[in-house]
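Work through the exercises below with the structure open. Try each task before reading its solution.

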Amino acid sequence: MASSAANAALIDDDTPGFGEEENPKQFRHPYVVLFHIGFRAAAILVYLFCGWFSDGFVTSFVFTVILLSLDFWTVKNITGRILVGLRWWSYVDTEGQSHWVYEARKEGDVRKVHAAESRVFWIGLIAFPLVWAILFILAIFRFSFRWLVLDCIALSLNGANLYGYLRCKLGKGTNLTGAVSSYANGFFRQQVMDKAVNMLTRQAQTSNMNSATNII
C-alpha cells in the first residue's frame with residue numbers, strides 16, 4: 001500500500017470579532033484543555049496506582065489501554081484542531097492507496113491560537129511521552145516484561161500524535177509519520193485486544209483450577 005502526504009489549510013474559523021478582548025491568562029476552551037491533559041494523566045495514574053485497589057494486572061492493563069486510546073483519539077481529532085489549529089488524518093483512495101493529510105490554519109491567523117492553550121497543548125504533547133519513556137526504562141531494569149508491553153503501547157500512541165503534529169507544524173518527515181501512525185493504529189486494533197483477551201482467559205482458567213482443588 002503506497003503512502004503519500006499532503007498539506008491543507010484548516011477551514012475552521014473561531015477568530016474573535018473586531019474589538020473583542022480576551023484575557024491571555026484565561027483559557028478560551030477550558031474543557032478542551034482539561035480533556036487534553038485529563039486522559040493522559042489518568043492513564044499514568046492508573047498505571048502507577050491501580051495495583052493499590054486491584055491485585056490483577058489485567059485490570060490495570062485494560063483500564064490503561066482504554067484511557068490511552070481515548071487520549072489518542074481525542075488529541076488526534078479534537079484538541080489539536082481547537083487549541084493550535086492543526087490536524088492530521090488519512091484516507092484511502094479508489095485505488096487502495098493511503099494518503100496522509102496534514103492541515104494547518106493560515107500563518108497570518110495568529111489570533112485564532114490562544115497563547116496559553118497552545119503552551120499547554122505542546123507541553124502535554126511532549127511531556128507525557130517522556131514520562132512513558134522513563135517508565136519503559138524502569139520496566140526494563142525491573143525485568144517486568146508485562147508492564148513493558150503496556151509501556152510500548154503508550155509510547156506508540158503518544159508518539160504517533162507527537163510526530164503527527166510536529167509534521168503539521170514543521171512540514172517534514174512524511175514517510176516516518178505514516179509509518180508511526182499506521183503502527184499505532186494497527187498495533188492497537190490487532191494486538192492489544194488479543195493480549196487482553198488472552199490474559200483474561202488465563203486468569204479465568206487459573207480461578208477455575210483453584211476452585212476445583214478446594215472441592216472436598
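The exercises go from the whole chain to single residues; the model is predicted.

**Exercise 1. The chain as a whole**

Task: State how many helices and strands the chain has, and give the order of its elements.

Solution:
- Step one is the count. The chain has five helices and three strands.
- Step two is the order. From the N terminus, the elements run β-α-α-β-β-α-α-α.
- Step three is burial. Of the 216 residues, 38% count as buried.
- Step four is the surface. The accessible surface of the chain is about 12,800 Å². Carbon and sulfur atoms hold 64% of that surface.
- Step five is contact range. Take the contacts between residues at least 6 apart in sequence: 74% of them join residues at least 24 apart.

**Exercise 2. Annotated spans**

Task: Find which residues UniProt lists as "transmembrane region", then check the helix content of residues 31-50 and of residues 56-75.

Solution:
- Start with the record. The unreviewed UniProt entry lists residues 31-50, 56-75, 120-141 and 147-166 under that name.
- Take residues 31-50. The span is 95% helix and 0% strand. Its end C-alpha atoms lie 25 Å apart.
- Take residues 56-75. This span is also 95% helix and 0% strand. Here the end C-alpha atoms are 29 Å apart.

**Exercise 3. An aromatic pair in H1**

Task: Decide how the rings of Phe35 and Phe39 are arranged, and whether each residue is buried or partly exposed.

Solution:
- Locate the pair. Phe35 and Phe39 both lie in helix H1 (residues 30-49). They are four residues apart, about one turn of the helix.
- Check the distance. Ring centres must lie within 6.5 Å to pair. By this rule the count comes to 10 aromatic pairs.
- Classify the geometry. The ring centres of Phe35 and Phe39 are 5.7 Å apart and the planes meet at 40 degrees, so the pair is tilted.
- Check burial. Phe35 is partly exposed at 44% relative accessibility. Phe39 is buried, at 18%.

**Exercise 4. More rings, and charges over them**

Task: Say which residues form a cluster linked by ring pairs, and where the charged end of Arg167 sits.

Solution:
- The cluster first. Ring pairs link Tyr47, Phe57, Phe61, Trp132 and Trp147.
- Then Arg167. Its charged end sits over the ring of Tyr102, 4.4 Å from the ring centre.
- Add Lys76. Lys76 lies over the face of Trp88, 5.0 Å from the ring centre.

**Exercise 5. Helix H3 and the loop after it**

Task: Test the length of helix H3 against its expected span, and say what the buried residues of H3 pack against.

Solution:
- Compute the span. Helix H3 (residues 115-141) has 27 residues; at 1.5 Å a residue, the helix should span 39 Å.
- Compare. The end C-alpha atoms of H3 are 40 Å apart, which agrees.
- List buried positions. Among them are Phe121, Trp122, Phe128, Trp132 and Leu135.
- Find the partners. The buried residues of H3 pack against H1, helix H2 (57-83), strand S2 (86-92) and helix H4 (145-170).
- Move past the helix end. Phe143 lies in the loop between H3 and H4. Phe143 has a positive phi near 55 degrees and is not a glycine. Most residues other than glycine have a negative phi. Phe143 is exposed, with 62% relative accessible area.

**Exercise 6. Three residues compared**

Task: For Thr64, Leu135 and Leu166, find which are buried and which partly exposed, then list their contacts outside four places in sequence.

Solution:
- Thr64 is in helix H2. Thr64 is buried, with a relative accessible area of 0%. Thr64 touches Ala43, Val46, Tyr47, Trp132 and Leu150.
- Leu135 is in helix H3. Leu135 is buried at 10%. Leu135 is in contact with Tyr47, Leu48 and Asp151. The C-alpha atoms of Leu135 and Leu155 are 10.0 Å apart, with their positions 20 residues apart along the chain.
- Leu166 is in helix H4. Leu166 is partly exposed at 30%. Leu166 is in contact with Trp122 and Gly171. The C-alpha atoms of Leu166 and Trp88 are separated by 10.0 Å, and the two residues are 78 apart along the chain.

Note on methods
Residues numbered from 1 in each chain as written. Predicted model: local features only at pLDDT ≥ 70, side-chain atom pairs only at ≥ 80, totals over all residues. Heavy atoms only, no water. Phe/Tyr/Trp six-rings, centres within 6.5 Å; stacked < 30°, edge-to-face > 60°. Helix = DSSP H or I, 4+ residues; strand = E, 2+ residues; numbered from the N terminus. Buried < 20%, exposed > 50% of the residue type's maximum accessible area, 1.4 Å probe, protein only. Lys NZ or Arg CZ within 6 Å of the ring centre and 35° of its normal. Expected span 1.5 Å × (residues − 1). Contact = heavy atoms within 4.5 Å. UniProt positions renumbered as here; feature names shortened; annotations may be inferred. Areas by Shrake-Rupley, 256 points an atom, 1.4 Å probe, with all protein chains shown as cover.
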